[in-house]
Amino acid sequence: MDKFRWCFIGTGRLANQVAKQILDSGNHEITVCFSRNEERCKEFAKQYHARSCVSSEEALRSGDIDAVYIVTPHNAHFRYAKQALEAGKPVFCEKAFTVSAWETEELIRIARQNRLYLAEAMWTWFSPCANQVKKWIDEKQIGEIRNASFTYHMKSIGYAPRVSDPKRAGGALLDITVYPITYAYRLFGYPKKIESNAVLKNGIDVSEEIVMTFEKGIKTTISASIVDMKGLEKMKISGSEGSISSSFYHASTKAILRKGLLDRQTYKSGNQLFNSYVDEFDTVASEIREGLLESRMVPLGSTLDVMRIMDEIRKQIGLEYNDLE
Ligand SMILES: NC(=O)c1ccc[n+]([C@@H]2O[C@H](COP(=O)([O-])OP(=O)(O)OC[C@H]3O[C@@H](n4cnc5c(N)ncnc54)[C@H](OP(=O)(O)O)[C@@H]3O)[C@@H](O)[C@H]2O)c1
C-alpha cells in the first residue's frame, strides 16, 4: 500500500510528536508543511523530509497530498480547515475543533457541499479503551447509571505559550475540559441542563467546575484546571449495580469494571495507546481511502454538539475571546 501523504499546517510540539510516530510506522509521509515562522517550518520540513511552504495557499495547492492535518492553536483551526476544504482537501483537525459552534457548523456545511472528509482529532475516541467503557455502559453492565465524575487537573499553563494566551483561544475549556465533556456526551448524550463556574484570569479560564444533568437524572461533575494537579485525571461512573473507573481516561489503555465486592474485570488494550498517534492516523487514512466523509470514531454530530455545550459554558462563565489573532 502506498504511504498516505499528509500536509501539516502547524509544526509545533504536537506536530513533532505525531510526525515522529507516523513516519516511523512506515504507513505515512508528510509531503508538505506550513506554519507562520518560516525558519521553524523549514527545520520541521528538513527533519521529516517534507517540502516547506511559505503560505498555506501554496501548501494546499499541492497536488501530491491526500489530506491536511491542522495542528495550530485553536484560534487558527477554522481559518485553515475552511481554506483546505475550499481547496478540495480532506481535513483532520485537532481538538478543540473550532472556537465556537457556528464555525464547526460552517465547516460541516462546506465539507458536505464539496463531499470531503472532515473529522476532529479527538484522540480519546480513536482509543479501544474509551470504546470499551461505552460498550459496558450500553450493555448496562453496571445497571442504571446514577452519576459520573471526571477530574482533569494538569498544570499545563506553562506547557506552551498558546495555553495561556487569550488571543490564541487558550485556557482550560478548549484545551483540556473538552475531553471530559466529550466523554460524558459520548456516554450519556446531550445534557438537559448545564451549570458551570470558572476562575478567569488574564482573559482565560484557568479552572472550572461543571455539572451536567442528562436523561433519567444522570448527573456528571467535571472539575478541570490548568494551574494545579490536585485531582489529577480520573473518571468514575456509578450505577445501580457497580462502577467503572479509569485513570488518565482521555488517553487510557485501562479501565476497571466492578460489580459487587469480588467481581472485578480489568480491560487493557493490546496497544500502548497512551502517547501513540499511529492508530489514529492509520484509521483516518483508511477511512479517507474508503471514501467516507466523516469518521466512524468521531462523528461530526458529536463534534458539533460538544462545541454547542462549550458555547453554553462560555456564556455562563463569561468567557469571551474578543481579540483573537
Ligand atoms: N491530541 C493530543 O494529544 C493533543 C496534545 C497536545 C495538543 N493538542 C492540540 O494540538 C494543537 C496544537 O498544539 P501544540 O501544543 O502543538 O501547539 P504549539 O506547540 O504552540 O504549536 C502550534 C504550531 O502552530 C503554528 N501556528 C500558530 N499560529 C499559527 C497561525 N496563525 N498560522 C499558522 N501556523 C500557526 C505555530 O507556529 P509558530 O511557531 O510560527 O508560532 C506552531 O508550529 C492544539 O489544537 C492543541 O489543543 C492535542
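Hi everyone, this is a short tour of the ligand site in this structure, followed by two backbone details.

First, some ground rules: this is a predicted model, so local features need pLDDT of at least 70 and side-chain atom pairs count only at pLDDT 80 or more, while totals for chains, interfaces and linings use all residues. Residues are numbered from 1 along each chain as its sequence is written, and side-chain values use heavy atoms, with hydrogens and water left out.

Let's start with the ligand. Where does the ligand sit? It sits in the largest pocket. A pocket here is an open set of points on a 1 Å grid over the protein atoms alone, where a 1.4 Å probe fits, with protein on both sides within 12 Å along at least five of seven lines; "sits in" asks that more than half of the ligand's atoms lie within 2 Å of the grid points.

Around the ligand there are 26 residues (a heavy atom within 4 Å). Thr11, Arg36, Arg40, Tyr80 and Lys95 come nearest. By class, this shell has 10 nonpolar, eight polar and eight charged residues, with Tyr counted as nonpolar, Gly as polar, and Asp, Glu, Lys and Arg as charged.

Now the polar contacts, meaning N or O pairs within 3.5 Å. Side-chain atoms of Arg40 and His74 each come 2.8 Å from a ligand oxygen. For Arg162, the distance to a ligand oxygen is 3.0 Å. Taken alone, the ligand exposes 920 Å², and the protein buries 91% of that (Shrake-Rupley method, 1.4 Å probe).

Which helices supply the shell? α1 (13-25), α4 (77-86) and α7 (172-188) each give at least two residues, and α4 gives the most, with three. Helices are DSSP runs of H or I, at least four residues, and strands are runs of E, at least two. Domain 1 (4-121 + 277-294) and domain 2 (125-274) each add at least three residues to the shell, with bounds from an automatic or database assignment.

Finally, the backbone. Most residues other than glycine have a negative phi, and most peptide bonds are trans. The bond from Lys95 to Ala96 is cis, with omega near -20 degrees; Ala96 is in the loop between β5 (91-94) and α5 (101-113). Lys216 has a positive phi, near 60 degrees, in the loop between β9 (204-213) and β10 (219-225).

Key:
A polar contact is a pair of N or O atoms within 3.5 Å; within protein, one must be able to donate a hydrogen and the other to accept it, and residues adjacent in sequence count only if both atoms are side-chain atoms. On a 1 Å grid over the protein atoms alone, a cavity is a set of points where a 1.4 Å probe fits but cannot get out, and a pocket is an open set with protein on both sides within 12 Å along at least five of seven lines; lining residues have an atom within 4 Å of a point.
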